[in-house]
Amino acid sequence: MQRYTKTAIALHWLIALLIIAAFLLGVTMVDIPGFTPTKLKYFSWHKWLGVTVLGLAAIRLLWRLRNKPPAALPMPRWQHAAAEGMHHLLYLLMFAVPISGYLYSYAAGVPVVYLGLFQMPAVIGPDPALKPVLKTVHYVLTMTMAGAVLAHALAAIKHHLIDRDDTLKRMLP
């Protein structure tokens with residue numbers, strides 16, 4: 001069985017865990033009423049997770065471009081095309097979701113201060129007209145990613161339990 005490299009496996013699972021954590025934190029923080037210290041803390045953590053995912057996604061993409069993944073396992077052509085499409089979508093979303101959140105934060109006039117130590121550069125200034133647009137874009141992209149991650153996980157489980165092939169095993173630590 002050809003496996004992914006240890007680096008690819010580590011990046012896959014680390015990014016997956018961070019995306020899930022950012023999603024759960026995002027869902028939790030927006031339901032907190034008012035403007036509380038807890039809500040502000042959660043927003044900061046959510047942003048930190050987003051910046052970390054963006055950085056790790058860049059490393060992962062560079063790794064993928066320099067290290068060929070194992071050959072695809074035998075499967076129907078439509079499944080291979082669906083898997084390829086899903087991987088492209090997930091890579092796109094690993095960049096688009098954090099970038100949209102980053103832009104939304106700055107359009108709202110709130111800087112992104114990574115780990116409470118480093119203020120990220122402001123690529124746009126406060127923009128009351130752009131703020132609701134970017135909020136919607138971030139939300140739609142996030143929900144698209146949630147659906148894509150769920151479909152990806154279900155497909156891996158299907159390959160493992162129903163097809164009984166090595167698709168999932170090749171990416172397990």
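The secondary structure of this protein comes to four helices and two strands. The model is predicted. Read from the N terminus, the elements run α-α-α-β-β-α. The C-alpha trace spans about 50 × 30 × 25 Å along its principal axes.

**Overall picture**

- The protein has 173 residues, and 30% of them count as buried.
- Its accessible surface comes to about 10800 Å². Carbon and sulfur atoms account for 72% of that surface.
- Take the contacts between residues at least 6 apart in sequence: 70% of them join residues at least 24 apart.

**The nonpolar cores**

- In soluble globular proteins, nonpolar side chains tend to be buried together.
- The largest nonpolar core here has 17 residues. Within this core, I15, I19, M94 and M145 have the most contacts.
- Four elements give two or more residues each to this core: α1 (6-30), α2 (37-66), α3 (77-107) and α4.
- Helix α1 gives the most, with six residues.
- Another core, of five residues, lies apart from the largest one. Among its members are V51, Y102, Y106 and Y114.
- M94 touches I15, I19 and M145. It also touches V53, L54, A57 and R60. This list leaves out residues up to four places away in sequence.

**Helix α1**

- Helix α1 has 25 residues, which at 1.5 Å a residue should span 36 Å. Its end C-alpha atoms are 36 Å apart, so the expected and modelled spans agree.
- The buried residues of α1 include A8, I9, L11, H12 and I15. Further along, L18, I19, A22, L25, G26 and M29 are buried too.
- An α-helix has 3.6 residues a turn, so residues three or four places apart point the same way.
- Against which helices do the buried residues of α1 pack? They pack against α2, α3 and α4.

**Helix α3: Q79 and Y104**

- Q79 lies in helix α3. Is Q79 buried or exposed? Q79 is buried, because its relative accessible area is 14% and the cut-off for buried is under 20%.
- Q79 is in contact with K158, H159 and D163, leaving aside neighbours within four places in sequence.
- Y104 lies in helix α3 as well. Y104 touches K131, L134 and K135, not counting residues up to four places away in sequence.
- Y104 and K47 are 57 residues apart in sequence. In space, their C-alpha atoms are 11 Å apart.

**Helix α4 and its surface**

- I157 is found in helix α4, which covers residues 130-163. I157 is partly exposed, with a relative accessible area of 42%.
- I157 belongs to a nonpolar patch on the surface. The other members of the patch are L150, L154, L161 and I162. Together the patch residues have about 520 Å² of accessible area.
- A153 is also placed in helix α4. A153 counts as partly exposed, at 36% relative accessibility.
- A153 and K169 are 16 residues apart along the chain. Their C-alpha atoms are separated by 13 Å.

**Salt bridges**

- Side chains of opposite charge can pair when their charged atoms come close.
- How many salt bridges does the structure hold? It holds two.
- One joins the side chains of D163 and K158, at 2.5 Å from N to O. Both residues also appear among the contacts of Q79.
- D163 counts as partly exposed, at 34% relative accessibility. K158 counts as partly exposed, at 26%.
- The other salt bridge joins D166 and K169. Their closest N and O atoms are 3.8 Å apart.
- D166 counts as partly exposed, at 28% relative accessibility. K169 is partly exposed, with a relative accessible area of 36%.

Technical notes. Residues numbered from 1 in each chain as written. Predicted model: local features only at pLDDT ≥ 70, side-chain atom pairs only at ≥ 80, totals over all residues. Heavy atoms only, no water. Patch = residues over 30% accessible without salt bridge, like charges linked within 9 Å, V, L, I, M, F, W, Y side chains within 5 Å. Areas by Shrake-Rupley, 256 points an atom, 1.4 Å probe, with all protein chains shown as cover. Salt bridge = Lys/Arg side-chain N within 4 Å of Asp/Glu carboxyl O. Buried < 20%, exposed > 50% of the residue type's maximum accessible area, 1.4 Å probe, protein only. Core = buried A, V, L, I, M, F, W, Y, C linked by side-chain atoms within 4.5 Å. Contact = heavy atoms within 4.5 Å. Expected span 1.5 Å × (residues − 1).
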